[in-house]
2 protein chains.
Amino acid sequence: LSNERERRKEALQIQMHALGADAFLVTSPVHLFYMTGRIFDGFYYVPAQGDAVELIRRPLTPAQAGAIRLKSPAQLPDLLHGAGLPPPKHLALEDRELPYAEYTYLSGLFPGASILGGSALLYRIRMIKSPYEISLLREGAKVHDETHRRIPSLYREGMTDWAFSVEIEHQIRRMGHLGIMRCAGIRLETCSAIVLSGDSAGSPSPYDYSLPGGGRHPSAPMGPDNHVMRPGDTVNVDFCGNINGYLTDITRTYAVGYVKPEAAAAHAFSLSVMRAIEHTARPGVLCSDLYHLAWDMAESAGYADCFMGTVQQAKFIGHGIGLQVNELPVLTKSDATPLQSGMIIAIEPKLICPGVGPVGAENTYLVTEGGTERLTLCNEDIAILGHSKP
Amino acid sequence: LSNERERRKEALQIQMHALGADAFLVTSPVHLFYMTGRIFDGFYYVPAQGDAVELIRRPLTPAQAGAIRLKSPAQLPDLLHGAGLPPPKHLALEDRELPYAEYTYLSGLFPGASILGGSALLYRIRMIKSPYEISLLREGAKVHDETHRRIPSLYREGMTDWAFSVEIEHQIRRMGHLGIMRCAGIRLETCSAIVLSGDSAGSPSPYDYSLPGGGRHPSAPMGPDNHVMRPGDTVNVDFCGNINGYLTDITRTYAVGYVKPEAAAAHAFSLSVMRAIEHTARPGVLCSDLYHLAWDMAESAGYADCFMGTVQQAKFIGHGIGLQVNELPVLTKSDATPLQSGMIIAIEPKLICPGVGPVGAENTYLVTEGGTERLTLCNEDIAILGHSKP
């Protein structure tokens with residue numbers, strides 16, 4: 001783990017050099033965790049070369065080697081000086097995580113420095129996962145697979161989509177889900193399982209999310225809306241697993257009692273898109289290529305109006321994932337990033353079957369030298385809910 | 001509800017006048033919800049006087065009266081011009097909610113305007129709750145009370161604090177908890193029930209929270225740490241209720257099997273602090289007065305070393321609450337805000353009994369003309385866990 005810390009610090013220093021920054025003050029929880037392996041109230045100060053320094057306000061634990069106790073951020077310049085570090089000339093701060101007021105406050109502590117937005121550097125490093133991170137994702141995927149296998153046993157006849165989501169969350173929490181779904185980019189405020197059934201799966205929402213649902217209350221406009229799931233309805237269950245800080249993403253489709261033929265056909269189409277992406281994705285292929293591959297298939301098959309939503313269609317076919325959902329890369333038509341070995345991407349070709357509900361699947365993949373490896377292995381077929389009680 | 005919107009808009013316009021802003025671009029989810037009653041991806045533009053305008057990017061719903069469709073934030077100046085609004089000269093933005101990059105991007109769209117930090121204006125308005133908001137808080141408090149009454153039935157012998165928290169969350173979600181705990185100010189990332197028992201209740205954490213616990217994983221350093229609760233241990237259960245967007249805050253103390261005398265004494269002391277605050281708090285009393293009242297009592301009673309924590313003690317005795325936990329006012333030694341009628345405050349005098357666990361209670365109060373009204377009415381005594389299975 002200390003090798004891992006060292007590797008990440010050096011990767012950041014290389015990025016800093018390219019940006020022209022001679023120091024980076026890492027501040028946000030997700031990036032403190034990425035750089036140091038834990039979350040604290042304080043700072044991780046990375047100079048252009050040499051060792052980084054932790055400055056810790058809380059937790060108030062006994063002093064640790066290399067860590068400096070900090071009472072107020074105002075002490076930063078003095079404490080860094082005391083640690084023998086020269087004042088920064090070009091200081092990078094997290095421009096996409098820090099609120100404006102905090103960013104400008106921290107900038108003001110270093111009046112001799114020019115301030116550079118540095119979030120993108122961290123996103124870029126995090127995009128490629130190390131063998132250690134991949135091992136955590138594999139571990140998480142196994143538990144996540146198992147939760148999906150148990151989902152049919154949680155269904156009861158006459159349940160609402162909301163009630164079903166509550167039982168699913170209970171199951172995943174019992175299996176060690178940490179209860180946090182960190183989300184980059186969009187202002188997502190829920191960490192709940194998204195369970196959608198019937199036409200309400202196509203409800204528009206504030207979020208650029210693949211089938212977010214409209215929610216049951218205007219203060220939480222996402223997820224199930226608390227209607228009773230009817231026989232023949234299809235049901236999508238989409239949530240991120242999180243047992244160790246690293247997220248995996250799986251969607252599976254269920255059907256109440258039986259599968260209507262149009263749902264079976266649309267689901268089979270979704271899986272054919274998944275297979276086509278699996279066979280195409282490899283290092284060097286552009287993210288936008290995969291987006292177009294999926295959309296071209298949807299148009300040829302006559303599903304263009306219900307692919308990735310109906311009233312509101314998501315403008316991507318997948319996304320990077322790791323410490324947060326929606327990491328780089330994002331598989332949109334405008335992202336010309338080539339895939340690289342070590343990326344982790346979730347692929348989610350979903351459709352809405354009008355009058356029936358959502359179908360499709362979502363898997364998490366590791367990009368390898370030779371192509372992709374699927375990490376989420378639970379069965380992709382539509383599973384029947386309530387079959388055991390005819 | 002449209003009266004409520006109008007009232008809030010006018011309150012903001014009064015605050016804007018004092019700041020010297022002739023427009024406010026409201027952007028964050030919590031403040032869009034506060035100002036408009038729903039959350040969308042877009043903006044709520046409030047001019048110095050007259051009607052405000054909603055500019056909506058998502059959800060893609062049919063056009064609404066007074067709402068303008070927006071594809072990109074870059075269209076803002078043109079769309080506002082098209083709506084007959086003059087260009088702002090002094091534009092307020094949410095400096096504590098918007099990331100630096102977004103704040104500066106939006107600033108750049110209005111090169112002719114000076115930009116003013118406006119978050120504090122919204123915090124100040126939200127501090128005083130309207131009769132409508134108070135009715136929602138009352139409704140939420142009733143459900144929240146009922147969840148605490150059911151907690152003892154969820155305990156099983158040999159449970160860990162983590163497993164107990166999972167069952168409690170399941171219960172509150174079944175009763176309609178929306179699964180979101182919005183939090184102002186600190187970078188809190190969990191929405192889970194905090195269940196703490198034994199000495200680990202005093203574990204230090206990154207958060208300035210009253211007894212946060214250390215958590216079970218470094219990526220989620222708060223809450224239960226998954227140790228088995230032993231006979232005689234006390235257990236604190238602290239979570240925010242949320243069935244309608246407005247949060248209520250309750251902590252109650254439980255004990256496994258029986259109550260040790262030192263825990264009973266410390267708990268009785270906590271309740272005596274609660275009563276003293278209830279009898280003192282009224283409009284005009286300063287927040288800092290209540291902080292000192294509590295701490296003076298703790299020192300006189302010999303509890304100074306274990307009041308509000310041990311290794312790490314919280315530096316407040318309560319906080320405002322509403323759409324977010326940690327609203328204004330915060331009851332610290334430095335907050336000289338006088339209480340006002342219509343404030344909602346959570347009061348949480350807690351202690352740690354070394355070798356036994358956490359004790360104390362937390363209630364949510366409405367400040368009234370005559371004093372305070374307690375909204376959270378469930379029994380404050382220590383409830384026994386596992387008694388039914390001797």
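The following legends describe close-up views of a predicted two-chain model.

Residues are numbered from 1 along each chain as its sequence is written, and chains are lettered from A and ligands numbered from 1 in the order of writing. Because the model is predicted, local features need pLDDT of at least 70 and side-chain atom pairs count only at pLDDT 80 or more, whereas totals for chains, interfaces and linings use all residues; side-chain values use heavy atoms, with hydrogens and water left out.

**Figure 1. Relation between chain A and chain B.** A turn of 180° with a shift of 0.0 Å along the axis lays chain A on chain B with an RMSD of 0.0 Å (least-squares superposition on the C-alpha atoms of residues with pLDDT of at least 70 in both copies). The two copies are therefore related as by a two-fold rotation axis. The same surface serves both copies, since 100% of the contact residues of chain A recur in chain B (contact means heavy atoms within 4.5 Å).

**Figure 2. Overall form of chain A.** The C-alpha trace of chain A spans about 75 × 40 × 35 Å along its principal axes. Its radius of gyration is 23 Å, which agrees with the value near 21 Å for a compact globule of 390 residues (taken over C-alpha atoms; the globule rule is 2.2 Å times the number of residues to the power 0.38). The secondary structure of chain A comprises nine helices and 17 strands (DSSP runs numbered from the N terminus, with helices being H or I of at least four residues and strands E of at least two). Of the 390 residues in chain A, 59% are buried (buried is under 20% relative accessible area, exposed over 50%, and partly exposed in between, with a 1.4 Å probe and protein chains only). Among contacts in chain A between residues at least 6 apart in sequence, 66% join residues at least 24 apart.

**Figure 3. Helix 2 of chain B and its surroundings.** Helix 2 of chain B covers residues 29–36, and eight of its eight residues are buried, so this helix is largely enclosed by the rest of the structure. The buried residues run from B:Pro29, B:Val30, B:His31 and B:Leu32 to B:Phe33, B:Tyr34, B:Met35 and B:Thr36. They pack against helix 1 (2–19), helix 5 (119–127) and helix 6 (131–150), as well as strand 1 (23–26), strand 2 (41–47) and strand 3 (53–58), of chain B. Just after the helix, B:Gly37 adopts a positive phi of about 90°.

**Figure 4. Helix 2 of chain A.** In chain A, helix 2 (residues 29–36) is mostly covered, with eight of its eight residues buried. Its buried residues include A:Phe33, A:Tyr34 and A:Met35. The elements of chain A against which they pack include helix 1 (2–19), helix 5 (119–127) and helix 6 (131–150). A:Gly37 follows the helix with a positive phi near 85°.

**Figure 5. Cis peptide bonds before A:Pro59 and B:Pro59.** Most residues other than glycine have a negative phi, and most peptide bonds are trans. A:Arg58 and A:Pro59 are joined by a cis peptide bond with omega of about 0°. A:Pro59 lies in the loop between strand 3 (53–58) and strand 4 (67–69) of chain A. In chain B, a cis peptide bond with omega of about 0° joins B:Arg58 and B:Pro59, and B:Pro59 lies in the loop between strand 3 and strand 4 (67–69).

**Figure 6. Positive phi at A:Asn226 and A:Met308.** A:Asn226 is not a glycine, yet has a positive phi of about 75°. This residue is in the loop between strand 7 (194–197) and strand 8 (234–242) of chain A, and at 30% relative accessibility A:Asn226 counts as partly exposed. A:Met308, also a residue other than glycine, has a positive phi near 60°. The loop that holds A:Met308 lies between helix 9 (287–300) and strand 10 (318–321) of chain A, and A:Met308 counts as buried at 0% relative accessibility.

**Figure 7. Surroundings of B:Lys9 and B:Leu116.** B:Lys9, in helix 1 of chain B, is buried with a relative accessible area of 4%. Leaving aside neighbours within four places in sequence, the contacts of B:Lys9 are B:Met35, B:Tyr44, B:Val46, B:Gly50, B:Asp51 and B:Ala52. B:Leu116 belongs to strand 6 (residues 114–117) of chain B and is partly exposed, with a relative accessible area of 21%. Beyond neighbours within four places in sequence, B:Leu116 is in contact with residues including B:Leu19, B:His90 and B:Tyr103. The C-alpha atoms of B:Leu116 and B:Met16 are separated by 9.9 Å, although these residues are 100 residues apart along the chain.
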